There are 2 protein chains.
Amino acid sequence: MSATLLPASSHRRVPWKNGGGYTTELVVRPDGDATGSAQGPFTWRLSIATVDRDGGFSAFPGVDRSLMALSPGGLGLVDGGHPVALGRYGVHRFAGENDVAAIGVTVPTLDLNLMTRRDACTGVLEHLRLDAPAGTPRELAAPPGGAVVVVLLAGTLHVDDQLLKPHDAVLIERTCQADDGALRLSGDADVAVASVYPLPGEGFTRTVS
Amino acid sequence: MSATLLPASSHRRVPWKNGGGYTTELVVRPDGDATGSAQGPFTWRLSIATVDRDGGFSAFPGVDRSLMALSPGGLGLVDGGHPVALGRYGVHRFAGENDVAAIGVTVPTLDLNLMTRRDACTGVLEHLRLDAPAGTPRELAAPPGGAVVVVLLAGTLHVDDQLLKPHDAVLIERTCQADDGALRLSGDADVAVASVYPLPGEGFTRTVS
């Protein structure tokens with residue numbers, strides 16, 4: 001089992017593509033440099049953005065996105081003209097080509113973003129609720145082949161006896177057997193779990209729709 | 001490498017949940033019986049439906065759906081009040097809770113449906129275009145851990161030297177190394193590729209949104 005702790009203090013801060021703000025990068029694959037990764041091509045990326053005010057998101061053609069509202073007040077979006085009201089830890093999935101904007105923002109609001117390049121991989125972003133005493137941890141088994149990131153959102157969380165701080169993350173990649181990728185989680189916590197899977201048929205001509 | 005040929009002649013024909021028609025089932029997991037599988041709980045299912053006329057789809061709460069239009073004229077949908085015009089081989093992804101209907105149907109129209117239970121797995125349905133002479137086949141590598149189904153939509157396709165008929169499918173499941181799951185494809189064909197991946201954290205309390 002090869003799990004990597006990604007402390008919040010080591011997350012990289014990178015400028016938005018549209019220049020309107022900053023994003024804290026938890027994971028980007030393939031690894032980019034600190035200045036260019038948000039602009040350059042990536043296979044997938046997990047990051048936390050701060051939305052300070054109403055406004056449109058950067059376009060990411062060819063990318064599928066999942067956005068989780070992290071702040072207690074949730075987040076209001078308009079996706080292609082249609083309103084989407086996210087409660088705290090609610091997730092909205094949308095295409096990077098969509099015209100998406102934040103609305104009704106009165107206080108700075110955090111969101112967790114998973115982006116996956118549509119011709120290379122697919123991903124899921126979920127909120128899990130943990131309530132497990134230290135003596136009886138829950139196992140989170142990472143599926144073979146995929147990458148899984150566990151992010152502490154709120155509460156107290158031990159992963160394999162290591163105490164996490166808020167926005168600390170643990171990454172597992174390229175396991176083969178499911179048993180290889182089991183994390184023992186204990187505590188009373190809200191966690192985000194991002195999982196990313198490579199698509200078959202690399203190099204084929206695909207209809208991206 | 002354990003690939004299974006699923007000839008079109010062996011696909012099961014099961015009634016729609018809402019009684020409005022029939023579906024041809026290519027794969028259902030876990031394996032259901034011939035009469036009950038369309039009604040019962042499944043982890044994932046790949047099937048072909050015939051849309052004869054305008055009308056609403058069955059609701060599938062807790063299920064994510066991807067629908068590919070197979071007929072030359074494509075398929076018109078309305079998803080939650082919003083029109084979606086699919087060209088041939090175009091894919092629309094939607095939640096099974098959505099209020100979705102076919103519109104503008106003048107001739108019987110086929111569509112390929114991938115359904116995945118949101119608390120158990122995720123899936124991608126894609127159209128790939130193949131143009132590879134027999135002497136120089138293309139390799140389609142199935143990612144570790146996932147299940148991949150290749151379906152011949154139109155044209156001529158050999159998979160590992162076996163000639164497929166239209167709507168014949170080949171299934172690969174539970175590979176561990178990527179090399180285990182490589183299919184050699186040759187011919188001049190339009191193919192659908194469905195890939196399904198198990199989610200981490202089985203048994204956790206998750207926010208399904």
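How many bridges pair strand E7 of chain B with strand E10 of chain B, and in which sense? The legends below begin there. This is a predicted model, in which local features need pLDDT of at least 70 and side-chain atom pairs count only at pLDDT 80 or more, while totals for chains, interfaces and linings use all residues. Residues are numbered from 1 along each chain as its sequence is written, chains are lettered from A and ligands numbered from 1 in the order in which they are written, and side-chain values use heavy atoms, with hydrogens and water left out.

**View 1. An open sheet of four strands in chain B.** Strand E7 (residues 75–79) and strand E10 (residues 100–103) of chain B pair in the antiparallel sense over four bridges. For this legend and those that follow, strands are DSSP runs (E, at least two residues) numbered from the N terminus, and two strands pair if DSSP finds at least two bridges between them. Within this pair, Leu77(B) stands opposite Ala102(B) of E10(B). The whole sheet of chain B has the order E5-E10-E7-E8, with antiparallel pairing. Strand E5 (55–56) and strand E8 (82–86) of chain B stand at the edges with a single partner strand each, so one side of each is left without a neighbour in the sheet. As a reminder, strands of a sheet pair through backbone hydrogen bonds, either parallel or antiparallel.

**View 2. Strands E2, E3 and E4 of chain A.** Follow E3(A) here, and you meet two partners. Strand E2 (residues 12–15) of chain A runs antiparallel to E3(A), and four bridges join them; Pro15(A) has Tyr22(A) in E3(A) as its bridge partner. E3(A) also pairs with E4(A), again in the antiparallel sense, over six bridges. In that pairing, Thr23(A) has Ala49(A) of E4(A) as its bridge partner.

**View 3. Cis peptide bonds before Pro30 in chain A and in chain B.** In chain A, the bond joining Arg29(A) and Pro30(A) is cis, with omega about -10°. Pro30(A) lies in the loop between strand E3 (22–29) and strand E4 (44–51) of chain A. In chain B, the peptide bond from Arg29(B) to Pro30(B) is cis, with omega near -5°, and Pro30(B) is found in the loop between E3 and E4 of chain B.

**View 4. The surroundings of Arg29(B), and a salt bridge between strands E3 and E4 of chain B.** Arg29(B) is placed in strand E3 of chain B. Leaving aside residues up to four places away in sequence, Arg29(B) touches Phe42(B), Thr43(B), Trp44(B), Leu171(B) and Glu173(B), where contact means heavy atoms within 4.5 Å. The side chains of Arg29(B) and Glu173(B) are joined by a polar contact of 3.0 Å. A polar contact is a pair of N or O atoms within 3.5 Å; within protein, one must be able to donate a hydrogen and the other to accept it, and residues adjacent in sequence count only if both atoms are side-chain atoms. Look also for the salt bridge of Glu25(B) with Arg45(B), whose closest N and O atoms are 3.1 Å apart. Glu25(B) lies in strand E3 (residues 22–29) and Arg45(B) in strand E4 (residues 44–51) of chain B, so the pair ties together parts that are 20 residues apart in sequence. A search of the whole structure finds 20 salt bridges over all chains, each being a side-chain nitrogen of Lys or Arg within 4 Å of a carboxyl oxygen of Asp or Glu.

**View 5. The interface of chain A and chain B.** The contact takes 38 residues from chain A and 38 residues from chain B. About 3,000 Å² is buried between the two chains, with carbon and sulfur atoms giving 60%; buried area is the accessible area (1.4 Å probe) that two parts lose on being put together, summed over both. Across this interface the rule finds zero salt bridges, and three residue pairs in polar contact (both at pLDDT 80 or more). On the side of chain A that touches chain B, the largest share, seven residues, comes from E12(A).

**View 6. Glu139(A) and its neighbours.** Glu139(A) lies in strand E13 of chain A. Residues up to four places away in sequence aside, Glu139(A) touches Ala182(A), Leu183(A), Arg184(A) and Phe204(B). The C-alpha atoms of Glu139(A) and Leu185(A) are separated by 6.2 Å, with their positions 46 residues apart along the chain.
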